[in-house]
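Please load the model in a viewer, with the sequence panel open beside it. The tour proceeds by selection, and each stop states what to select and what is found there.

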Amino acid sequence: MIRTPSVPRALLPLPAAAGLLLVTACGGPAGEESGARDVTVAMAPADRATGVAPGSPVTLRVTGGQGTLADVSVTDQRGQRLDGSLSADGRSWTSVPATRPSSTYTLAYTAKSADGSRRNGSGTVTTAAPEKPNKLELRPGNGATVGVAQPVSVLFDHRVGDAEKVDIERNLRVETSPRTEGSWGWVKDFGGHDRIDWRPRDFWKPGTKVSLKGELAGLPSGQGRYFARNYATSFTIGENRVVTVDVAGHRMAVTEGGKAVASYPISAGSDTYPTRGGTHVVLAKNAKETMKSATVGLGDAYPSLPTTSVIHLTSSGTFIHAADWNADQIGSANTSHGCVGMLSSDARKLFDRVRLGDPVIVKNTRNTEITEPGNGIGAWQMDWPAWKKRSALKG
């Protein structure tokens, strides 16, 4: 989680003043007023520098005299402030967080000499546009209401370098109400992209408000790429709904708030293609879909099968769906290629009831395969200590 540095009182914005002085890292005064003539201040990057690499800090440093920096204000062309921290001796200031791409920053500061006299200065710095930006997708969508197993998920458009993961994770802040213990974990998405998920230690408490703020603008992501902007999203946790699939018993049970609300007969994966066990999470829902064995790595094991009320549990092809063609086996035998089949009337009821993020616990299966955490929402396939080790900060 990011810890935004507190801004000392010395960093208050300057009032407008005439006659400004700037002594840059490679130049002399651009104007001055009486007082503090023995104090010189260096600026890096230099005043009026352009094409500065995004993410470069802006620094001011007293290089001559016995003075200190009294006030510093840095704003971009949109009026957004770039905060920073003043050194303990008051002689240097460094911007935090990083500078954003394609931005012009205007600086204003006051230098104070030992006798109390003051001198003002100003300058500008312009950062370059990122040649190779790294974009990302936040899940769930902003304003969504999701189930109690839904993590905060950040999917990156391009590979993230191992050396950059620590800074990226530090600049992602999750806030919850009520307060909830959780941890980030890096995974490889089923599509091959890097992803970082934040899951709570236990399922969310219903009604929890969750927000994510990513102060990533200007931060490098490796391979010469940068993030071009900051990101934010928020969502709400819905009711405590849990779906439990008992493979050996050929039944599915649904609880809400710990109380049983539905029970359905099912037919799960056969001994040859047993259904994946463990805690899955509702990943997606499609009212109509055509099942094709080739798309889930089973070649021509079965022809194209149009079906309805499809609930995705993994990216690799574990679904719950209507399977009326197998009606005589539903509730008595497991004969599918790994999916959970239901009568269409029951499948529609379940489809209408569940939401994205609801946990689906599959038990009593012959399948001992552990689903990778990036295959769908697989964070709950791991216990808490193992999940925390996937954090770049705690691993």
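Begin with the whole chain, coloured by burial if the viewer allows: of its 395 residues, 47% are buried. The model is a predicted one. Colouring by secondary structure instead brings up 27 strands and 3 helices. A surface representation of the chain corresponds to an exposed area of about 17,900 Å², of which carbon and sulfur atoms supply 49%. Among contacts with a separation of 6 or more, 65% are between residues 24 or more positions apart.

**Stop 1: strands 4 and 7**

Select residues 68–75, which form strand 4; 6 of these 8 residues are buried. Add residues 104–112, which form strand 7: the two strands run antiparallel and are joined by 7 bridges. To see one of the pairings, display Ser 73 in strand 4 with its bridge partner in strand 7, Ala 108.

**Stop 2: the largest nonpolar core**

Next, select Phe 156, Ile 168 and Trp 184. Within the largest nonpolar core, a set of 24 residues, these three touch the most other members. At least two residues of this core come from each of several strands, including strand 11 (152–156), strand 13 (182–188) and strand 14 (194–200). A separate core of 22 residues may be selected afterwards; Val 254, Ile 320, Val 340 and Ala 347 are among its members.

**Stop 3: Phe 156 and its aromatic partners**

Return to Phe 156 and centre the view there. Is this residue buried or exposed? Phe 156 has a relative accessibility of 1%, so it counts as buried. Beyond four places in sequence, its contacts include Leu 136, Ile 168, Trp 186, His 193, Ile 196 and Phe 227.

Now show the rings. The chain has 4 aromatic pairs. One of them is formed by Phe 156 and Phe 227, with 5.9 Å between the ring centres and 50° between the planes, a tilted arrangement. Because Phe 156 belongs to strand 11 whereas Phe 227 is in the loop between strand 17 (225–226) and strand 18, the pair ties together parts 71 residues apart in sequence. Phe 227 is itself buried, at a relative accessible area of 0%. Adding Trp 186 to the selection completes one aromatic cluster with Phe 156 and Phe 227.

**Stop 4: Trp 380, Phe 203 and Arg 199**

Select Phe 203 and Trp 380. How are these two rings arranged? Their planes meet at 70° with the centres 4.8 Å apart, so the pair is edge-to-face. Distant parts of the chain are linked here: Phe 203 is in the loop between strand 14 and strand 15, Trp 380 is in the loop between strand 27 (359–363) and helix 3 (384–388), and 177 residues separate them. The two partners can also be compared by accessibility: Phe 203 is partly exposed at 31%, whereas Trp 380 is buried at 12%. Then add Arg 199, whose charged end sits over the ring of Trp 380 at 4.0 Å from the ring centre. A further charge over a ring can be displayed by selecting Lys 285 and Phe 351; here the distance to the ring centre is 4.6 Å.

**Stop 5: an open sheet**

Select strands 10, 18, 15 and 12, which in that order make up an open sheet of 4 strands with mixed pairing. Strand 10 (145–146) and strand 12 are the edge strands, each pairing on one side only. At one edge, strand 10 pairs with strand 18 in the parallel sense, over 2 bridges. Display Thr 145 and find Thr 236 of strand 18 standing opposite.

**Stop 6: His 321**

Move to residues 319–322, strand 25, and pick out His 321. His 321 counts as buried, with 6% relative accessibility. Its contacts beyond four places in sequence include Met 291, Val 310, Cys 339, Val 340, Met 342 and Ala 347.

**Stop 7: backbone details in loops**

Finally, display the backbone. The bond between Arg 139 and Pro 140 is a cis peptide with omega about -5°, and Pro 140 lies in the loop between strand 9 and strand 10. Another cis bond runs from Ser 177 to Pro 178, with omega near 5°; Pro 178 is in the loop between strand 12 and strand 13.

Two non-glycine residues with positive phi close the tour: Arg 48, near 70°, and Gln 223, near 60°. Arg 48 lies in the loop between strand 1 (40–44) and strand 2 (49–52) and is exposed at 61% relative accessibility. Gln 223 is in the loop between strand 16 (220–222) and strand 17.

Methods: Residues numbered from 1 in each chain as written. Predicted model: local features only at pLDDT ≥ 70, side-chain atom pairs only at ≥ 80, totals over all residues. Heavy atoms only, no water. Buried < 20%, exposed > 50% of the residue type's maximum accessible area, 1.4 Å probe, protein only. Pairing = 2+ DSSP bridges. Core = buried A, V, L, I, M, F, W, Y, C linked by side-chain atoms within 4.5 Å. Contact = heavy atoms within 4.5 Å. Areas by Shrake-Rupley, 256 points an atom, 1.4 Å probe, with all protein chains shown as cover. Phe/Tyr/Trp six-rings, centres within 6.5 Å; stacked < 30°, edge-to-face > 60°. Lys NZ or Arg CZ within 6 Å of the ring centre and 35° of its normal.
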